[in-house]
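Open the model in your viewer and keep the sequence panel visible. The stops below go from the whole chain to helix pairs, then to aromatic rings and single residues.

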Amino acid sequence: MKHDKIELTEEKIKQLAEISLHPLFTPFPQSISDSYRFGWARGLVMYIETILHGNWHKWLKILDKGEWDSNDPYPQIELSPSGSDEVRKMLKKSFEPLQYKGIRSYEFLSWIGYALGISWFEKPNIDDQSWKHLYENFNFDFFFAVSIRLFKPILS
(Lines give C-alpha, C1' and ligand atoms only; values in the text may rest on other atoms or scores of the structure.)
Protein backbone atom coordinates (compact mmCIF):
# COMPACT_ATOMS: atom_id res chain seq x y z
CA MET A 1 0.00 0.00 0.00
CA LYS A 2 1.26 3.43 -0.90
CA HIS A 3 1.28 5.79 2.09
CA ASP A 4 0.35 9.37 1.40
CA LYS A 5 2.14 12.17 3.20
CA ILE A 6 0.22 13.68 6.07
CA GLU A 7 1.05 17.05 7.50
CA LEU A 8 0.98 16.97 11.30
CA THR A 9 0.04 20.55 12.11
CA GLU A 10 0.33 22.28 15.49
CA GLU A 11 -3.45 22.07 15.78
CA LYS A 12 -3.40 18.29 15.23
CA ILE A 13 -0.62 17.89 17.81
CA LYS A 14 -2.72 19.89 20.29
CA GLN A 15 -5.75 17.68 19.55
CA LEU A 16 -3.69 14.51 20.09
CA ALA A 17 -2.45 15.85 23.43
CA GLU A 18 -6.03 16.61 24.50
CA ILE A 19 -7.19 13.14 23.43
CA SER A 20 -4.41 11.43 25.38
CA LEU A 21 -5.71 13.08 28.58
CA HIS A 22 -9.34 12.07 28.01
CA PRO A 23 -10.79 9.26 30.20
CA LEU A 24 -11.86 7.30 27.09
CA PHE A 25 -8.29 7.17 25.79
CA THR A 26 -6.40 3.90 26.29
CA PRO A 27 -2.62 3.70 26.11
CA PHE A 28 -1.02 1.98 23.15
CA PRO A 29 -0.29 -1.73 23.67
CA GLN A 30 3.31 -2.47 24.54
CA SER A 31 2.97 -6.20 23.89
CA ILE A 32 0.45 -8.81 22.87
CA SER A 33 -0.46 -9.32 26.53
CA ASP A 34 -1.84 -5.77 26.53
CA SER A 35 -4.24 -6.79 23.76
CA TYR A 36 -6.19 -8.96 26.19
CA ARG A 37 -7.36 -5.72 27.87
CA PHE A 38 -10.77 -4.38 26.85
CA GLY A 39 -10.38 -1.42 24.48
CA TRP A 40 -6.65 -1.90 23.93
CA ALA A 41 -6.79 -0.44 20.37
CA ARG A 42 -9.04 2.54 21.17
CA GLY A 43 -6.20 5.02 21.82
CA LEU A 44 -4.44 4.02 18.62
CA VAL A 45 -7.62 4.39 16.57
CA MET A 46 -8.44 7.73 18.25
CA TYR A 47 -5.04 9.07 17.26
CA ILE A 48 -5.11 7.78 13.69
CA GLU A 49 -8.65 8.96 13.04
CA THR A 50 -7.92 12.39 14.54
CA ILE A 51 -4.84 12.84 12.36
CA LEU A 52 -6.71 11.83 9.22
CA HIS A 53 -10.25 13.13 9.80
CA GLY A 54 -10.52 14.89 13.18
CA ASN A 55 -13.81 13.27 14.18
CA TRP A 56 -12.71 11.77 17.51
CA HIS A 57 -11.54 15.15 18.75
CA LYS A 58 -14.90 16.67 17.76
CA TRP A 59 -16.85 13.85 19.48
CA LEU A 60 -14.86 14.16 22.69
CA LYS A 61 -15.45 17.92 22.76
CA ILE A 62 -19.21 17.31 22.44
CA LEU A 63 -19.11 14.62 25.14
CA ASP A 64 -17.20 16.88 27.51
CA LYS A 65 -19.78 19.66 27.09
CA GLY A 66 -22.63 17.19 27.51
CA GLU A 67 -24.54 18.65 24.58
CA TRP A 68 -24.17 19.54 20.94
CA ASP A 69 -24.64 23.15 19.89
CA SER A 70 -25.54 23.86 16.27
CA ASN A 71 -22.47 26.11 16.06
CA ASP A 72 -20.15 23.24 17.05
CA PRO A 73 -18.26 21.40 14.34
CA TYR A 74 -19.77 17.98 13.89
CA PRO A 75 -18.09 14.71 13.02
CA GLN A 76 -18.60 13.52 9.46
CA ILE A 77 -18.03 9.99 8.26
CA GLU A 78 -17.72 9.04 4.61
CA LEU A 79 -18.11 5.40 3.68
CA SER A 80 -17.18 3.72 0.43
CA PRO A 81 -19.97 1.67 -1.14
CA SER A 82 -17.43 -0.33 -3.13
CA GLY A 83 -14.77 -0.96 -0.50
CA SER A 84 -11.12 -1.52 -1.18
CA ASP A 85 -9.28 -4.54 -2.54
CA GLU A 86 -6.38 -3.75 -0.19
CA VAL A 87 -8.67 -3.86 2.84
CA ARG A 88 -10.36 -7.05 1.62
CA LYS A 89 -6.94 -8.69 1.28
CA MET A 90 -6.00 -7.64 4.82
CA LEU A 91 -9.31 -8.98 6.17
CA LYS A 92 -8.82 -12.26 4.31
CA LYS A 93 -5.26 -12.60 5.63
CA SER A 94 -6.52 -11.89 9.14
CA PHE A 95 -9.60 -14.09 9.19
CA GLU A 96 -9.16 -16.94 6.71
CA PRO A 97 -6.62 -18.92 8.80
CA LEU A 98 -8.98 -18.71 11.78
CA GLN A 99 -11.87 -20.14 9.78
CA TYR A 100 -9.90 -23.35 9.32
CA LYS A 101 -9.75 -23.61 13.11
CA GLY A 102 -13.53 -23.25 13.40
CA ILE A 103 -13.56 -19.61 14.52
CA ARG A 104 -16.71 -17.93 13.24
CA SER A 105 -17.09 -14.45 11.78
CA TYR A 106 -19.03 -13.40 14.89
CA GLU A 107 -15.96 -14.10 17.04
CA PHE A 108 -13.77 -12.19 14.59
CA LEU A 109 -16.11 -9.17 14.75
CA SER A 110 -16.25 -9.53 18.53
CA TRP A 111 -12.45 -9.37 18.65
CA ILE A 112 -12.55 -6.09 16.71
CA GLY A 113 -15.30 -4.66 18.93
CA TYR A 114 -13.50 -5.77 22.09
CA ALA A 115 -10.23 -4.22 20.87
CA LEU A 116 -11.98 -0.92 20.20
CA GLY A 117 -13.72 -1.00 23.57
CA ILE A 118 -17.27 -1.05 22.25
CA SER A 119 -19.38 -1.70 25.32
CA TRP A 120 -21.60 -4.51 24.05
CA PHE A 121 -18.67 -6.72 23.00
CA GLU A 122 -17.27 -9.23 25.43
CA LYS A 123 -13.90 -10.90 25.14
CA PRO A 124 -14.32 -13.48 22.37
CA ASN A 125 -13.53 -17.14 22.89
CA ILE A 126 -10.43 -17.30 20.69
CA ASP A 127 -7.38 -19.43 21.46
CA ASP A 128 -4.06 -17.69 22.19
CA GLN A 129 -2.44 -18.63 18.87
CA SER A 130 -5.38 -17.19 16.89
CA TRP A 131 -5.43 -14.08 19.10
CA LYS A 132 -1.74 -13.55 18.36
CA HIS A 133 -2.41 -13.99 14.64
CA LEU A 134 -5.10 -11.28 14.73
CA TYR A 135 -2.95 -8.97 16.82
CA GLU A 136 -0.11 -9.27 14.31
CA ASN A 137 -2.17 -9.17 11.09
CA PHE A 138 -5.25 -7.02 11.63
CA ASN A 139 -4.37 -3.41 10.85
CA PHE A 140 -6.82 -0.90 12.36
CA ASP A 141 -5.17 2.15 10.84
CA PHE A 142 -5.30 0.56 7.40
CA PHE A 143 -9.03 1.32 7.13
CA PHE A 144 -8.50 4.99 7.82
CA ALA A 145 -5.51 5.32 5.51
CA VAL A 146 -7.35 3.65 2.64
CA SER A 147 -10.61 5.52 3.17
CA ILE A 148 -8.89 8.89 3.25
CA ARG A 149 -7.11 8.02 0.01
CA LEU A 150 -10.38 6.98 -1.64
CA PHE A 151 -12.36 10.06 -0.69
CA LYS A 152 -10.08 13.06 -0.23
CA PRO A 153 -6.64 13.97 -1.43
CA ILE A 154 -4.22 14.43 1.45
CA LEU A 155 -2.20 17.57 1.28
CA SER A 156 1.47 17.03 1.83
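Helices (H or I, at least four residues) and strands (E, at least two) are taken as DSSP runs and numbered from the N terminus. By that rule the protein chain has 7 helices and 0 strands. The model is predicted, so local features need pLDDT of at least 70 and side-chain atom pairs count only at pLDDT 80 or more, while totals for chains, interfaces and linings use all residues. Residues are numbered from 1 along each chain as its sequence is written, and side-chain values use heavy atoms, with hydrogens and water left out.

**Whole chain**

Colour by secondary structure and follow the chain: the pattern reads α-α-α-α-α-α-α. Next, colour by accessibility, where buried means under 20% relative accessible area, exposed over 50%, and partly exposed in between (1.4 Å probe, protein chains only). Of the 156 residues of the protein chain, 38% count as buried. For contacts, the cut-off is heavy atoms within 4.5 Å. Taking contacts in the protein chain between residues at least 6 apart in sequence, 66% join residues at least 24 apart.

**Helix pairs**

Two packed helices are described by the angle between their axes and the distance between the axes. Axes are lines fitted to C-alpha atoms, for helices over the stretch in contact, and angles run from 0 to 180 degrees between N-to-C directions. Angles under 35 degrees count as roughly parallel, over 145 as roughly antiparallel, 65 to 115 as roughly perpendicular and the rest as oblique.

Select α1 and α2. Their packing angle is about 155°, with the axes 10 Å apart. That makes α1 roughly antiparallel to α2. To make the contact, α1 supplies K12, Q15, L16, I19 and S20, and α2 supplies M46, Y47, T50 and I51. The crossing of α1 and α2 is right-handed (the near helix is turned clockwise from the far one by less than a right angle; anticlockwise would be left-handed).

Keep α2 and add α3. Here the angle is about 110° and the axes are 6 Å apart. α2 is thus roughly perpendicular to α3. Show side chains for V45, M46, E49 and T50 in α2, which meet N55, W56, H57 and L60 in α3.

Move to helix α4 (residues 85-99) and α6, which pack at an angle of about 175° with their axes 10 Å apart. α4 and α6 are therefore roughly antiparallel to each other. On the α4 side, M90, K93, S94, P97 and L98 meet S130, H133, L134 and N137 of α6.

**Aromatic rings**

Now show Phe, Tyr and Trp as sticks. Rings (for Trp, the six-membered ring) pair if their centres lie within 6.5 Å; planes under 30 degrees apart count as stacked, over 60 as edge-to-face and the rest as tilted. The structure holds 16 aromatic pairs. One of them is F25 with Y47, a tilted pair at 5.3 Å centre to centre and 35° between the planes. F25 sits in the loop between α1 (10-20) and α2 (42-52) and Y47 in helix α2, so this pair links distant parts of the chain, 22 residues apart. F25 and Y47 are both buried.

How are the rings of Y114 and W131 arranged? Their centres are 6.1 Å apart and their planes lie at 80°, so the pair is edge-to-face. Y114 is in helix α5 (residues 105-116) and W131 in helix α6 (residues 128-137), so the pair ties together parts that are 17 residues apart in sequence. Y114 counts as buried at 8% relative accessibility, and W131 counts as buried at 0%.

Widen the selection to Y36, F38, W40, F95, F108, W111, Y114, W131, Y135, F138 and F140, which form one aromatic cluster. Then add K123: its charged end sits over the ring of W131, 5.6 Å from the ring centre (the rule asks for NZ of Lys or CZ of Arg within 6 Å of the ring centre and within 35 degrees of the ring normal).

**Single residues**

Select S110 in helix α5. At 4% relative accessibility, S110 counts as buried. Leaving out residues up to four places away in sequence, S110 touches F121, E122 and P124.

S105 is also placed in helix α5, and at 44% relative accessibility S105 counts as partly exposed. From S105 to F95 the C-alpha to C-alpha distance is 7.9 Å, with their positions 10 residues apart in sequence.

End at D64 in helix α3 (residues 55-65). Is D64 buried or exposed? D64 is exposed, with a relative accessible area of 55%. D64 and H22 are 42 residues apart in sequence and 9.2 Å apart in space, C-alpha to C-alpha.
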